[in-house]
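Q: Could you take me through one part of this model at a close look, the place where the two chains meet? I would like a connected picture that I can follow with the structure open.

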Amino acid sequence: MDSSSSSSAAGLGAVDPQLQHFIEVETQKQRFQQLVHQMTELCWEKCMDKPGPKLDSRAEACFVNCVERFIDTSQFILNRLEQTQKSKPVFSESLSD
Amino acid sequence: MEGGFGSDFGGSGSGKLDPGLIMEQVKVQIAVANAQELLQRMTDKCFRKCIGKPGGSLDNSEQKCIAMCMDRYMDAWNTVSRAYNSRLQRERANM
């Protein structure tokens, strides 16, 4: 959402707590869906050779592993970035430039 | 979200917001957006998988390939969705 959408959404939320809750739930669902789209696209490249009559068990296992490793990778990246920031604040240096 | 979303809200002209109606409309629009996104990505993936050098029309083997590709992409989407959901459940359980 852009800022005008989010501000109007906040306005609606102020009117009705039910609506506020609804917006929060739908936003979370949408975030989930977006990540599923992204991972499907990414994992398709890694796991799908020639599309056959059905999704064989090897390919299915590959997709599951792919999802797990993608999340592991993003967690690893975040953790490492946090550690790096503690010892050597890279971003604040570049920001001050 | 697109501009049409705004007009949906103001459409009645009564000036009174019906939360139930708004929620229903939002759900429909989100579902449409998701379907469009899936279709767009699937089209891109299946074109890349099934079309070599583009000919004068889609030949039989290309059509069969695209059909299987579509089905497999849907399978992949479902598998990824289940795996991701399962991962989220595990992460929450460990909190």
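A: Happy to. Chain A and chain B bury about 3500 Å² between them, and 65% of that area is on carbon and sulfur atoms. Please keep in mind that this is a predicted model. On the chain A side, A:F32, A:H37 and A:W44 supply 19% of the area buried against chain B, more than any other three residues. The contact draws 35 residues from chain A and 33 residues from chain B.

Let's turn to the polar side of the interface. Here 16 residue pairs are in polar contact across the two chains, and six salt bridges are found between chain A and chain B. One of the salt bridges joins B:R90 to A:E68, with the closest N and O atoms 2.9 Å apart. On chain A, α2 and α3 each supply at least two residues of the side that touches chain B. The largest share of that side, 17 residues, comes from α2(A).

A:E68 deserves a second look. This residue is found in helix α3 of chain A, and it counts as buried because its relative accessibility is 9%, where the cut-off for buried is under 20%. Leaving aside residues up to four places away in sequence, A:E68 touches B:A83, B:R87 and B:R90.

Now follow the helix that carries it. α3(A) has 31 residues and reaches 45 Å from its first C-alpha to its last, close to the 45 Å expected at 1.5 Å a residue. At the N-terminal end, A:D56 caps the helix, with a side-chain oxygen 2.9 Å from the backbone nitrogen of A:A59. A:A59 is also one of the buried residues of α3(A), together with A:F63, A:C66, A:V67, A:E68 and A:I71. These buried residues pack against α2 of chain A and α3 of chain B.

That brings us to the nonpolar core. The largest one has 26 residues, and those touching the most other members are A:V36, A:W44, A:F63, A:V67, B:V80 and B:Y84. Helices α2 (17-47) and α3 (57-87) of chain A, along with α2 (19-50) and α3 (60-93) of chain B, each supply at least two residues of this core. α3(B) gives the most, with eight residues. For a single residue to click on, try B:Y84: not counting residues up to four places away in sequence, B:Y84 touches A:F32, A:L35, A:V36, A:M39, A:V67 and A:I71. There is also a second, separate core of seven residues, among them A:L19, A:I23, B:M23 and B:I30.

Methods:
Residues are numbered from 1 along each chain as its sequence is written. Chains are lettered from A and ligands numbered from 1 in the order in which they are written. This is a predicted model: local features need pLDDT of at least 70, side-chain atom pairs count only at pLDDT 80 or more; totals for chains, interfaces and linings use all residues. Side-chain values use heavy atoms; hydrogens and water are left out. A nonpolar core is a set of buried Ala, Val, Leu, Ile, Met, Phe, Trp, Tyr and Cys residues joined through side-chain atoms within 4.5 Å. Buried means under 20% relative accessible area, exposed over 50%, partly exposed in between (1.4 Å probe, protein chains only). Helices (H or I, at least four residues) and strands (E, at least two) are DSSP runs, numbered from the N terminus. Contact means heavy atoms within 4.5 Å. The expected span of a helix is 1.5 Å times one less than its number of residues. A polar contact is a pair of N or O atoms within 3.5 Å; within protein, one must be able to donate a hydrogen and the other to accept it, and residues adjacent in sequence count only if both atoms are side-chain atoms. Buried area is the accessible area (1.4 Å probe) that two parts lose on being put together, summed over both. A salt bridge is a side-chain nitrogen of Lys or Arg within 4 Å of a carboxyl oxygen of Asp or Glu.
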